[in-house]
Amino acid sequence: MTADIGKNIEQIDQEIARMCSHAGVPKVAPRLIAVSKVQPEERVRTALEAGHRSFGENRVQEAQGRWTGLKSEYPDVQLSLIGSLQTNKVSQAIDLFDEIQSVDRIKLARALAGEMQKQGKNIPLYLQVNTGAEPQKGGVMTVDLPELHQACKDLGLMVVGLMCIPPADDDPSLHFALLKKLAKREGLQGLSMGMSSDYALAAAMGATDIRVGTAVFGERDYNQPT
């Protein structure tokens, strides 16, 4: 599997470029965030050795175990938190991650602002939008997005875009279109949307960031240590 990772990344990049060209979207292709959660370190190292530098993790504690050392070896790595963030993990998150894509409530925004001030940082943030209004899923409801965005601006936070995870059984294009409309309304450029099953569609619809795990690394084995 590890021998295929570099080839997988190259093929994904090529497919994104083809889709962007076909759809007539700007030449700057979306950033490929390789989602390394629950992946063995061997696979992650293979991606690093292939030259890839943008990675995403869902959990702060798992990311600390994997990336504290790796970021010392590869200081140009850009690490994104794409999973739900609890307020009691904010300090560790700000210390480790280069951006956070899952801001979904004002309480979290306040905690992030306070901790960034303590650490002397101001890292980019994305607001996660629950475009499917799923009660079990994180993300701000669309009707509450303007209030959250305004609160972030009032706190001096650097919000650069929106992120969504469409419902598994829905047509993702509907959610990508909604996210794009909401971002335009809020004056934001970043669109983090698209995963292994629909990244090409997301690219064609204007994504600036796509989050791809299994298409890069292969299937996850949750019974194996990372």
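**Entry 1: α6 and α7**

I began with the handedness of one helix pair and noted that α6 passes α7 in a right-handed crossing. The model I am reading is a predicted one. For the geometry, I noted that α6 packs with helix α7 (residues 172–186) at an angle of about 45 degrees, and that their axes are 11 Å apart. I therefore entered α6 as oblique to α7. Next I looked up the residues that make the contact: Leu145, Pro146 and His149 come from α6, and they meet Leu182, Arg185 and Glu186 in α7. Sorted by class, the residues of this contact of α6 with α7 are three nonpolar, one polar and two charged.

**Entry 2: α2 and α3**

I then turned to another helix pair. Helix α2 covers residues 41–49 and helix α3 residues 60–73; I found that their axes come within 12 Å and cross at roughly 25 degrees. Angles under 35 degrees count as roughly parallel, so I wrote down α2 as roughly parallel to α3. I recorded a right-handed crossing for α2 passing α3. On the α2 side of the contact I listed Glu41, Val44, Arg45 and Leu48, and on the α3 side Arg66, Trp67, Leu70 and Glu73. By class, I have four nonpolar and four charged residues in the contact of α2 with α3, and no polar ones.

**Entry 3: aromatic rings**

How many aromatic pairs does the structure hold? I found one aromatic pair. Its members are Phe55 and Trp67, with 4.9 Å from centre to centre and 50 degrees between the planes, and I logged the pair as tilted. Phe55 lies in strand β2 (residues 54–57) and Trp67 in helix α3, so the pair ties together parts that are 12 residues apart in sequence. I had already listed Trp67 among the α3 residues that α2 meets. Are Phe55 and Trp67 buried or exposed? I have both of them down as buried.

**Entry 4: positive phi**

I looked up the backbone at Val38 and Ala133. For Val38, phi is near 60 degrees, which is a positive value in a residue other than glycine. I placed Val38 in the loop between β1 (31–35) and α2. Its relative accessibility is 11%, and buried means under 20%, so Val38 counts as buried.

For Ala133, phi is near 50 degrees, again a positive value in a residue other than glycine. I placed Ala133 in the loop between β5 and α6 (145–154). With a relative accessibility of 48%, Ala133 counts as partly exposed.

**Entry 5: Asn122**

Where does Asn122 sit? I found Asn122 in the loop between α5 (106–119) and β5 (125–128). Its relative accessible area is 40%, so I entered Asn122 as partly exposed. Leaving aside neighbours within four places in sequence, I listed Met116, Gly156, Leu157 and Met158 as the residues in contact with Asn122. I also looked up the separation of Asn122 from Gln14: they are 108 residues apart in sequence, and from C-alpha to C-alpha they are 33 Å apart in space.

Definitions and conventions: Residues numbered from 1 in each chain as written. Predicted model: local features only at pLDDT ≥ 70, side-chain atom pairs only at ≥ 80, totals over all residues. Heavy atoms only, no water. Axes fitted to C-alpha atoms, helices over the stretch in contact; angles between N-to-C directions. Helix = DSSP H or I, 4+ residues; strand = E, 2+ residues; numbered from the N terminus. Parallel < 35°, antiparallel > 145°, perpendicular 65-115°, else oblique. Left-handed = near helix turned anticlockwise from the far one by under 90°. Contact = heavy atoms within 4.5 Å. Nonpolar A, V, L, I, M, F, W, Y, C, P; charged D, E, K, R; others polar. Phe/Tyr/Trp six-rings, centres within 6.5 Å; stacked < 30°, edge-to-face > 60°. Buried < 20%, exposed > 50% of the residue type's maximum accessible area, 1.4 Å probe, protein only.
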